[in-house]
Amino acid sequence: MTVSLETHLIKASPEVTRIYLALERFIREIGPFTAVPTKTSITLLSRTTFAGVVVRKQYLNLSFVLSSEVEHPRIVKMKKISPRTFVHTVQLRSVRNLDEQLRKWLREAYEVGELAGRRNRPIDRPRKGVAQ
């Protein structure tokens with residue numbers, strides 16, 4: 001069920017709202033995406049989901065999909081969801097958290113989302129190199 005973005009941000013502090021809006025601008029520098037607010041989170045989509053945001057009163061939980069496990073002090077949670085898919089979560093408590101390290105992770109997540117979308121081909125479209 002989709003809801004409005006304001007439904008999420010109304011609960012947040014003004015600083016968290018600033019962080020979220022800055023995050024959207026930050027990601028748009030990587031590439032076009034769609035933010036889909038649902039009841040519990042905001043899903044970020046390129047061809048497929050590459051990241052998601054959970055709004056808390058004092059911070060944002062930003063989760064993003066990478067093709068390998070990354071260990072870093074900023075990563076507060078990591079979950080393996082398939083042999084080559086790992087969801088990592090960081091907390092954004094300030095606009096200053098939108099730095100080059102985060103840009104690197106989000107660029108990779110965006111690319112993972114783009115590649116995953118290319119694998120989901122319509123059934124009636126033949127794959128290149130497959131005899132008819």
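This report describes the strands of one antiparallel sheet in a predicted model and how they pair.

## Basis of the model

The structure is predicted: local features need pLDDT of at least 70, side-chain atom pairs count only at pLDDT 80 or more, and totals for chains, interfaces and linings use all residues. Residues are numbered from 1 along each chain as its sequence is written, and side-chain values use heavy atoms, with hydrogens and water left out.

## Sheet architecture

Six strands make up an open sheet, arranged in the order S1-S2-S3-S4-S6-S5 with antiparallel pairing. Its edges are strand S1 (34-37) and strand S5 (75-82), each of which pairs on one side only. Neighbouring strands are turned by 20° against each other on average, direction ignored.

Strands here are DSSP runs (E, at least two residues), numbered from the N terminus. Two strands count as paired if DSSP finds at least two bridges between them. The angles are taken between N-to-C directions of lines fitted to C-alpha atoms, and run from 0 to 180 degrees. In general, strands of a sheet pair through backbone hydrogen bonds, either parallel or antiparallel.

## From S1 to S3

S1 and S2 form a hairpin with four residues between them, and four bridges join the two strands in the antiparallel sense. Within this pair, Thr 34 has Leu 45 of S2 as its bridge partner.

Strand S2 (residues 42-45) has a covered face, Ile 42 and Leu 44, and an uncovered face, Thr 43 and Leu 45. In a regular strand the side chains alternate between the two faces of the sheet. S2 also forms a hairpin with S3, with three residues between them. Strand S3 (residues 49-55) pairs antiparallel with S2 over four bridges, and Leu 45 stands opposite Thr 49 in S3.

## S4 and its neighbours

Strand S4 (residues 60-66) is largely enclosed by the rest of the structure, because six of its seven residues are buried (under 20% relative accessible area, against over 50% for exposed and partly exposed in between, with a 1.4 Å probe and protein chains only). S3 and S4 form a hairpin with four residues between them and run antiparallel, joined by five bridges.

Leu 62 of S4 is the bridge partner of Val 53; Leu 62 also has Val 90 of S6 as a bridge partner. Seven bridges join S4 to S6, and these strands run antiparallel.

## The S5 edge

S5 pairs with strand S6 (residues 85-92) in the antiparallel sense over six bridges. In this pair, Phe 86 of S6 is the bridge partner of Lys 80.
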